[in-house]
Amino acid sequence: MTSRIVHDGPLIVGGGLAGLSAALETGPRQTLVATPAPLLQACSSAWAQGGVAAALTAADTPELHAADTAAAGGGLVDPHAARALTAEGQATVEWLAGLGAPFDRDAAGGFAVSREAAHSRARVARVGGDGAGRAILSALVAAVRAAPHVRIWEDARLRGLLQDADGRVRGAILERGGRLVEVIAPAVVLATGGAGGLYARTTTPTALLGEGMALAWQAGADILDPEFVQFHPTAIDVGLDPMPLATEALRGEGARLVDRTGAFLLGEAADADLAPRDVVARAVHAARSEGRGAFLDARSAVGADFPEAFPAVFAACMRAGLDPREQPIPVAAAAHYHMGGIAADLDGRTTLPGLFAVGECAATRVHGANRLASNSLLEAAAFGRRTGRAAAAGTVRGGHILPPSPPPPDLQSRPLARLRAAMSELAGVIRTGPGLTNLIATLDQLDAGRVPALPSVAARLIAEAALARRESRGGHYRADFPETAAEARHTRLHQPVPVPAE
């Protein structure tokens, strides 16, 4: 049985940094935040180790930050989007600090910053070495719980979008306790996170299966650059799913990537391991494929300071029976961040009226083909705030809301495991035309004779776009097309808005 409520304010689906930042900016409009798990659980924001990238020192500027963002993005970063993001960097960090985020400070009381890969300056504001995500999100959770204009459902899973005859999004279908609830709202904000759970090797919560992107696609929203997936080169390979992360800040402190003989994977230069993530990920992948193994050696760079300097990484290693003070950490490249997603502008507006998208599920052209390290938390907070303000300006419309299609089926554990294994093998760090064709055939088999499950829809968007991109660029590497095309072009997928039967 389905019930219906009318909510006169934004409906925000997702409780990570992007969704909560948006919620804090929607006041005084009454705002409903819906998330399938309690806040601080099952969202990538809480797992982020690096920090927030921003120009915070006299040696840095937003212009330099924007230039580094563009350089990492493989020709597909929109300069206006990059400048808009980096211009708000310091104000965003100060806003988060004002909410209670306990950023590390230097002796003068300023923000302590570290350098990560492909940054020309030290500009990553951190918390407790490697605890930025959880600490920052904890501050936002407290602020949202105290906000009088925000109501939170922590047991609500997104199952569909409601539209009128013009295709405008008029609300969403949520599942709570096994029952469906139609929430009519003047604006729906998708902050549903990425798609790392589509991969068998991932550093993200496995529940993140690209379902927000899939539903937006089915509703008729444009999808931008879905083939661009970032693989983190230093996921800790100790047999866990998801894989614990060894933050890039370790390499910023001098830790080195080596094979089992101790030879450097990327060369002897002091900054060789701080190349863009796609370069480092391919080096790690190659060393493992060749049987040489890949390890992050932090014994000299961090050593005895590990428990205090990087407590999250240290704890993850020790739980696995590995002491990083005394032995190198085995690592593998794993799905970490989705640069593509629902096409959205800097205020979160998608190509469907009434629908907004922000955070990792959105593609704002700020990351291009390869996200610059620690720009994701900045984007989530800065663009989350902008999106919240824009969504709050939405007005209630009259008109007939079309009957929704039945919610798509779930993908059961065994087919999902097959999908995840195929994605890691065939749409991972190294891709080929035959491999992607085989992946699509696997998806065809999983979908045969049934309505496709949302993870299958999301995986197909990635696979088909990767097959169509006959070049290598950023996070997308085709072994059969290793060169980068002279002209950088986006992938934009769109379809006519479906009109459900009356």
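## The core around Leu198

Leaving aside neighbours within four places in sequence, Leu198 touches Leu208, Leu209, Leu419, Arg420, Met423, Pro455, Ala458, Ala459 and Ile462. The structure is a predicted model, and the values in this report are computed from it.

Leu198 and Leu11 are the residues with the most contacts inside the largest nonpolar core, which has 62 residues. The element that gives the most to this core is helix H14, residues 454–468, with eight residues. Apart from this core lies another, of 52 residues. Its members include Leu56, Trp95, Ala132 and Phe383.

## Aromatic pairs

How many aromatic pairs does a search of the whole structure find? There are four. One of them joins Phe306 and Phe310, which meet edge-to-face, with 6.1 Å from centre to centre and 65 degrees between the planes. This pair counts as edge-to-face because the angle is over 60 degrees.

Phe306 also pairs with Phe314. Here the rings are tilted, at 6.2 Å centre to centre and 35 degrees between the planes. Phe306, Phe310 and Phe314 together form one aromatic cluster. Are these residues buried or exposed? Phe306 is buried, with a relative accessible area of 0%, and Phe310 is buried at 2%. Phe314 is buried too.

## Charges over rings

Two arginines have their charged ends over aromatic rings. The charged end of Arg256 is placed over the ring of Phe264, 4.1 Å from the ring centre. For Arg371, the ring is that of Tyr337, and the distance to its centre is 4.4 Å.

## The two sides of helix H2

Helix H2 covers residues 62–72, and its buried residues are His65, Ala66, Asp68, Thr69 and Ala72. Why can these residues be said to line one face of the helix? Seen down the axis of H2, they fall within an arc of 160 degrees, so they share one face. The face turned away from this buried side carries the exposed residues Glu63 and Ala71.

What do the buried residues of H2 pack against? Their partners are strand S4 (52–53), helix H3 (79–87) and helix H11 (375–392). After H2 comes Gly74, which has a positive phi, near 60 degrees.

## Cysteines

A search of the whole structure finds zero disulfides. Cys43 is in no disulfide, and the nearest cysteine sulfur to its own, that of Cys361, is 13 Å away. A disulfide needs the two sulfur atoms within 2.5 Å, so Cys43 and Cys361 do not form one. Cys361 likewise has the sulfur of Cys43 as its nearest cysteine sulfur.

Both residues are buried: Cys43 has a relative accessibility of 11%, and Cys361 has a relative accessible area of 3%. Each counts as buried because its value is under 20%.

## Glu94 in helix H4

Glu94 lies in helix H4, which covers residues 89–98. Its relative accessibility is 41%, so Glu94 counts as partly exposed. Along the chain, Glu94 and Leu56 are 38 residues apart. In space, their C-alpha atoms are separated by 9.9 Å. Leu56 is among the residues of the 52-residue core.

How values were computed:
Residues are numbered from 1 along each chain as its sequence is written. This is a predicted model: local features need pLDDT of at least 70, side-chain atom pairs count only at pLDDT 80 or more; totals for chains, interfaces and linings use all residues. Side-chain values use heavy atoms; hydrogens and water are left out. Rings of Phe, Tyr and Trp (its six-membered ring) pair if their centres lie within 6.5 Å; planes under 30 degrees apart count as stacked, over 60 as edge-to-face and the rest as tilted. Buried means under 20% relative accessible area, exposed over 50%, partly exposed in between (1.4 Å probe, protein chains only). A charge sits over a ring if NZ of Lys or CZ of Arg is within 6 Å of the ring centre and within 35 degrees of the ring normal. Helices (H or I, at least four residues) and strands (E, at least two) are DSSP runs, numbered from the N terminus. The arc is that of the directions from the helix axis to the C-beta atoms. Contact means heavy atoms within 4.5 Å. A nonpolar core is a set of buried Ala, Val, Leu, Ile, Met, Phe, Trp, Tyr and Cys residues joined through side-chain atoms within 4.5 Å.
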